[in-house]
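Got the viewer open? Set the cartoon up with a selection box at hand, and we'll walk through the chain stop by stop.

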Amino acid sequence: EAYAAVLLDDLSWQAAVDDLTTVPDPLLRAVTWTNAMTRVRSGASTTREYLTIVQRHLAEETDPVVFDSVLRRVTRQVLPQWTAPEALAEAEQVVAEVSAAALEAGDPGRGLAAMRRLAMTTTDVSLLRRWLASGEARPGLEVDRDTRWIVVRRLVELDASGPDLIEAEAAADRSSNGHQASLAALAGRPDPAAKEDAWQRICDT
């Protein structure tokens, strides 16, 4: 077996990007999205250019698998590993806007992915609190247990909530996953002493 990263020339790549939304085959769109990541990894494109493609096209990606796959790569690799700290807020806003648009579209296939990525990146504190209070992100779309923890962690990261919310959520979720999520939320507090405290709790677990 062999593997090769094939990059288009700049003119062909620009044409592929311009027409990405209109490509009828989801497999071809998936390959194009993968190629966009490869271009950043190889230095042929910048993270900012990749996020511009996300901003232009991802909200219109109707295939749930492709949509979720791209969002996972963005939130697991592009934002935490490839985005400079000073550019992170703007990059998160791009993801939040794309996710909000997909969530508002109302189709069932993309709802869960859009809800969770919006919870990870939004700065809309009131929205997050409404989700916790109502248990719904939109009519018929439940804020499930895993998403609740994402919301809690985001509120803590934004310094909009603290240990009391984490403890209340942990009391409602006694599972092993709930315990781990509570520790992650504690570590997410924007305070060095809080992070040290969370680290000690992890080591003592």
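A quick definition before anything gets selected: a helix here is a DSSP run of H or I with at least four residues, and helices are numbered from the N terminus. With that in hand, select helix α2, residues 26-42, and pick out Thr38, which lies in it. Bear in mind throughout that you are looking at a predicted model.

**Stop 1: Thr38**

Is Thr38 buried or exposed? The cut-off for buried is under 20% relative accessible area. Thr38 has 12%, so it counts as buried. Now show its neighbours: leaving aside residues up to four places away in sequence, Thr38 touches Ala5 and Leu7.

**Stop 2: the whole chain**

Zoom out and colour by secondary structure. How many helices and strands are there in the chain? You should find 11 helices and two strands. Follow them along the sequence and the pattern reads α-α-α-α-α-α-α-β-β-α-α-α-α.

For a sense of scale, the C-alpha trace spans about 55 × 40 × 35 Å along its principal axes. The chain has 205 residues, and 42% of them count as buried. Switch on the surface and you are looking at about 11,200 Å² of exposed area, with carbon and sulfur atoms supplying 53% of it.

If you like contact maps, take the contacts with a separation of 6 or more: residues 24 or more positions apart account for 61% of them. Colouring by charge brings up 22 positive and 32 negative charges, and the mean positions of the two sets are 3 Å apart.

**Stop 3: α1 against α3**

Next, select residues 10-18 (helix α1) and 47-57 (helix α3). Their axes come within 10 Å and cross at roughly 30°. Angles under 35 degrees count as roughly parallel, and α1 and α3 are therefore roughly parallel to each other. Show side chains to see who makes the contact: Trp13, Gln14, Val17 and Asp18 from α1, and Ile53, Arg56 and His57 from α3.

While α1 is still selected, click on Ala15, which is also in this helix. Ala15 is partly exposed, with a relative accessible area of 41%. Draw a distance from its C-alpha to that of Leu128: the two residues are 113 positions apart along the chain, and the line should read 38 Å.

**Stop 4: Arg76**

Move to helix α4, residues 64-82, where you'll find Arg76. Exposed means over 50% relative accessible area, and Arg76 qualifies because its value is 55%. Setting aside residues up to four places away in sequence, Arg76 touches Gln81 and Arg117. Try another distance here: the C-alpha atoms of Arg76 and Ala184 are 15 Å apart, with their positions 108 residues apart in sequence.

**Stop 5: two loop residues**

Go to the loop between α5 (88-105) and α6 (108-121) and select Gly106. Gly106 counts as partly exposed, at 39% relative accessibility. Which distance separates its C-alpha from that of Gly140? The viewer should give 9.7 Å, for two residues 34 apart along the chain.

Then jump to the loop between α8 (145-157) and α9 (163-172), which holds Asp159. Check its backbone torsions: phi is near 60°, a positive value in a residue other than glycine. Asp159 is exposed too, with a relative accessible area of 60%.

**Stop 6: α10 against α11**

For the last stop, select residues 176-187 (helix α10) and 192-204 (helix α11). How do the two axes cross? They come within 8 Å of each other, at roughly 155°. That makes α10 roughly antiparallel to α11, since angles over 145 degrees fall in that class. Side chains on once more: α10 brings Leu183, Leu186 and Ala187 to the contact, while α11 brings Ala194, Lys195, Ala198, Arg201 and Ile202.

How values were computed
Residues are numbered from 1 along each chain as its sequence is written. This is a predicted model: local features need pLDDT of at least 70, side-chain atom pairs count only at pLDDT 80 or more; totals for chains, interfaces and linings use all residues. Side-chain values use heavy atoms; hydrogens and water are left out. Buried means under 20% relative accessible area, exposed over 50%, partly exposed in between (1.4 Å probe, protein chains only). Contact means heavy atoms within 4.5 Å. Accessible areas come from the Shrake-Rupley method with a 1.4 Å probe; for residues, only the protein chains shown count as cover. Lys and Arg count as positive and Asp and Glu as negative; His and the chain ends are not counted. The place of a charge is taken as NZ of Lys, CZ of Arg, CG of Asp or CD of Glu. Axes are lines fitted to C-alpha atoms, for helices over the stretch in contact, and angles run from 0 to 180 degrees between N-to-C directions. Angles under 35 degrees count as roughly parallel, over 145 as roughly antiparallel, 65 to 115 as roughly perpendicular and the rest as oblique.
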